[in-house]
Amino acid sequence: FKSLSAEVSHFADAIADNLRGSFSISAPVKKMVRVAVTGGTGYLGSYVVKTLLEYDEDPTIEFQVVCVVRGLSEPSPMLSTLEGLDGAKERLQFAEADLMGGESAFAAAFLGCTYLIHCASPNSAELLQAQ
């Protein structure tokens, strides 16, 4: 995880660097950056969500995270874990989208997002149904 943590932090720093040039700061003001993370309840995706919510390298940037998942109807231990993270109540939301549903399936989930981190992968049952 050390390498993944460094990569996600590097990505977040790059976003912050990019945003610094897009607005001037006369007083410390938080810039909210909306990021969609597909597969956010998976092994890698949940770590990306956690890292973005905990990002504190630049005090003027906060990430609002849209965790895009296959389904929200069934209880998931990872959903509860993510909801319990610091900042999740204010800056984490969940959206449902079918990875095999084409571009339109993600339209609502990605609405207003500046960045997308794609961690989702179809499971074997989805692939068999698509064929």
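**Exercise 1. Classify Arg-91, then find its salt-bridge partner.**

Step 1. At 10% relative accessibility, Arg-91 is buried (buried is under 20% relative accessible area, exposed over 50%, partly exposed in between; 1.4 Å probe, protein chains only). The model is predicted: local features need pLDDT of at least 70, side-chain atom pairs count only at pLDDT 80 or more, and totals for chains, interfaces and linings use all residues. Residues are numbered from 1 along each chain as its sequence is written, and side-chain values use heavy atoms, without hydrogens and water.

Step 2. Arg-91 meets Glu-62 in a salt bridge, 4.0 Å from N to O (a side-chain nitrogen of Lys or Arg within 4 Å of a carboxyl oxygen of Asp or Glu).

Step 3. Place both residues. Glu-62 lies in strand E2 and Arg-91 in helix H4 (residues 88-91), so the pair ties together parts 29 residues apart in sequence. Helices (H or I, at least four residues) and strands (E, at least two) are DSSP runs, numbered from the N terminus.

Step 4. Check Glu-62. With 24% relative accessibility, Glu-62 is partly exposed.

**Exercise 2. Describe the salt bridge of Lys-50 and Glu-54.**

Step 1. The structure holds two salt bridges. The side chains of Lys-50 and Glu-54 form one of them, at 3.0 Å, N to O.

Step 2. Both sit in helix H2, four residues apart, so about one helical turn separates Lys-50 and Glu-54.

Step 3. Lys-50 is partly exposed at 33%. Glu-54 is partly exposed at 39%.

**Exercise 3. Sort the two aromatic pairs by geometry.**

Step 1. Recall the rule. Rings of Phe, Tyr and Trp (its six-membered ring) pair if their centres lie within 6.5 Å; planes under 30 degrees apart are stacked, over 60 edge-to-face, the rest tilted.

Step 2. Tyr-55 and Phe-63 have ring centres 5.3 Å apart and planes at 70 degrees, so this pair is edge-to-face. Tyr-55 is buried at 10%, and Phe-63 is buried at 1%.

Step 3. Phe-106 and Phe-110 are stacked, with 5.2 Å centre to centre and 25 degrees between the planes. Phe-106 is buried at 11%, whereas Phe-110 is partly exposed at 27%.
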